[in-house]
Amino acid sequence: MENVALIKQYHQKASRKEAQNIVLQYLKKLNLEHIAHVRNPNLSEEERFCGMLLRAAMVQSGVVLIYRPFMLLPARINATFIYNILKNIDDLYTQCFIFDFLWNKYRYGMNDVKEF
């Protein structure tokens, strides 16, 4: 939680307590409040992904870039988990882009994507 809260502290001059309360609020939205004080090596792949995503989204009016998410979430067969997390924190970011290889298009529910 402290790692994620640092973003709010640095960019928005939030106090430590205020920033941690904001992070805890979003962890609760994701049903992950139990990971608030857990160290990174002790997190599951999904928990680690959510922490990384929250940290990226903490920059006010930020744009989130997710590059090859299935490298971080190899057990996931589709992007439903990612979409649900993004939906739960959509008030934190202005845009989100997911970059992945074309051969993973089926994981995103896209079968008619063309190369460019």
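Trainee: Where is K8 in this model?
Mentor: K8 sits in helix α1, residues 2–12. Keep in mind that the model is predicted.

Trainee: Is K8 buried or exposed, and what about a salt bridge?
Mentor: K8 is buried, and it has no salt bridge. The nearest side chain of opposite charge is E18, 8.6 Å away. A salt bridge needs the two atoms within 4 Å.

Trainee: Which residues does K8 touch, then?
Mentor: Leave out residues up to four places away in sequence, and K8 touches K13, A14, A19, I22 and M58.

Trainee: New topic. How many disulfides does the structure hold?
Mentor: The structure has 0 disulfides. C50 is in none, and its nearest cysteine sulfur belongs to C96, 13 Å away.

Trainee: Why no bond for C96?
Mentor: Because its sulfur is 13 Å from the closest cysteine sulfur, the one in C50, and that is too far.

Trainee: Are C50 and C96 buried or exposed?
Mentor: C50 is buried, at 2% relative accessible area. C96 is partly exposed, at 24%.

Trainee: Now the backbone. What is special about phi of N31?
Mentor: Phi of N31 is positive, near 55°, and N31 is not a glycine. You'll find N31 in the loop between α2 (16–29) and α3 (45–57). Its relative accessibility is 61%, so N31 counts as exposed.

Trainee: What about phi of R68?
Mentor: R68 has a positive phi too, about 50°, and is not a glycine either. R68 lies in the loop between β1 (62–67) and α4 (69–72).

Trainee: And how accessible is R68?
Mentor: R68 is partly exposed, with a relative accessible area of 23%.

Note on methods: Residues are numbered from 1 along each chain as its sequence is written. This is a predicted model: local features need pLDDT of at least 70, side-chain atom pairs count only at pLDDT 80 or more; totals for chains, interfaces and linings use all residues. Side-chain values use heavy atoms; hydrogens and water are left out. Helices (H or I, at least four residues) and strands (E, at least two) are DSSP runs, numbered from the N terminus. Buried means under 20% relative accessible area, exposed over 50%, partly exposed in between (1.4 Å probe, protein chains only). Lys and Arg count as positive and Asp and Glu as negative; His and the chain ends are not counted. Contact means heavy atoms within 4.5 Å. A disulfide is a pair of cysteine sulfur atoms within 2.5 Å.
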